[in-house]
Amino acid sequence: MIEYRNVQAGELNRELFGGFIRRQVVTKCWRREKNEWCIKDDPFIDDWSEEDYKTLISCLRNTIAAGGFVYAAFDNTALKGFVSVEPDLFGGSQCYLDLSSIHISEDMRNKGIGTVLFLAAKEWARDPMSFS
């Protein structure tokens with residue numbers, strides 16, 4: 001059973017990501033060619049280094065400290081997905097928030113976790129107090 005909840009800054013450490021598998025096989029990417037966007041073959045495998053984890057943890061802590069949203073999915077006690085939304089409005093009419101991350105562990109993809117996390121981020125953006 002997946003548990004969804006807010007993440008606290010104090011629990012953000014490398015150990016939290018111990019059961020999280022970042023690996024992402026990419027085969028096609030959007031590229032801009034001659035002022036037009038198109039999908040091109042560009043295969044690679046994306047994974048995080050230890051330095052990437054340090055940066056991610058620092059960014060998520062900053063999001064929480066600034067009043068943003070970090071929400072996660074846990075399978076038992078293992079982190080299996082998370083989403084973050086920055087608290088500051090931006091854009092020409094100052095009506096947008098930045099969905100700064102959404103990641104699902106490779107072993108739990110295609111199970112609806114991303115949808116639940118995205119919808120939670122959307123709800124928080126509408127009403128931050130709904131997740132207090």
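Which side chains meet in a salt bridge at 2.9 Å, N to O, with R5 as one of them? In this predicted model, the partner of R5 is E11. Both ends of the bridge sit partly out in the open: R5 is partly exposed, with a relative accessible area of 26%, and E11 is partly exposed too, at 21%. With buried set at under 20%, E11 falls in the partly exposed class because its 21% is not under that cut-off. Side chains of opposite charge can pair when their charged atoms come close. A search through the whole structure turns up nine salt bridges. Another of them joins E50 to R14, whose closest N and O atoms are 2.9 Å apart.

R14 has a second contact worth a look. Besides its bridge to E50, R14 lies over the face of Y53, at 3.8 Å from the ring centre. Y53 itself is buried, with a relative accessibility of 4%. That ring leads on to the aromatic side chains, which form ten pairs in the structure. In one of these, W48 and Y53 come together edge-to-face, with 5.3 Å from centre to centre and 90° between the planes. W48 is buried as well, at 17% relative accessible area. F69 and Y71 make a stacked pair, again with 5.3 Å centre to centre, but with 15° between the planes. Both F69 and Y71 are buried. Ring pairs also tie F17, F20, W48, Y53 and F82 into a cluster, so the ring under R14 belongs to a wider group, because ring pairs are what link its members.

Next come the empty spaces. Rolling a probe the size of a water molecule over the atoms shows where empty space is left. The largest pocket holds about 160 Å³ of space. Twelve residues line this pocket, and N6, G68, F69, V70 and W124 are the ones nearest its centre. F69, then, is both a lining residue of the pocket and a partner of Y71 in the stacked pair. By type, the pocket lining splits into seven nonpolar residues, five polar ones and no charged ones.

The model also has one cavity of 30 Å³ or more. About 30 Å³ of space lies in the largest cavity, and its lining is made up of V7, L12, L16, F17, L60, V70, A72, L79 and F82. Two of the names here are familiar from the ring cluster, F17 and F82, which also line the cavity. V70 appears in the cavity lining and among the residues nearest the centre of the largest pocket.

Finally, the cysteines. How many disulfides does the structure hold? The count comes to zero. C29 is in no disulfide, and the nearest cysteine sulfur, that of C38, is 11 Å away. A disulfide needs two cysteine sulfur atoms within 2.5 Å, so C29 and C38 do not qualify. C29 is buried, with a relative accessible area of 13%, whereas C95 is partly exposed, at 45%.

Key: Residues numbered from 1 in each chain as written. Predicted model: local features only at pLDDT ≥ 70, side-chain atom pairs only at ≥ 80, totals over all residues. Heavy atoms only, no water. 1 Å grid on protein atoms, 1.4 Å probe; cavity = no way out; pocket = protein on both sides within 12 Å on 5 of 7 lines; lining within 4 Å. Points joined across faces, edges and corners; volume = space filled by probe spheres on them. Nonpolar A, V, L, I, M, F, W, Y, C, P; charged D, E, K, R; others polar. Buried < 20%, exposed > 50% of the residue type's maximum accessible area, 1.4 Å probe, protein only. Phe/Tyr/Trp six-rings, centres within 6.5 Å; stacked < 30°, edge-to-face > 60°. Lys NZ or Arg CZ within 6 Å of the ring centre and 35° of its normal. Salt bridge = Lys/Arg side-chain N within 4 Å of Asp/Glu carboxyl O.
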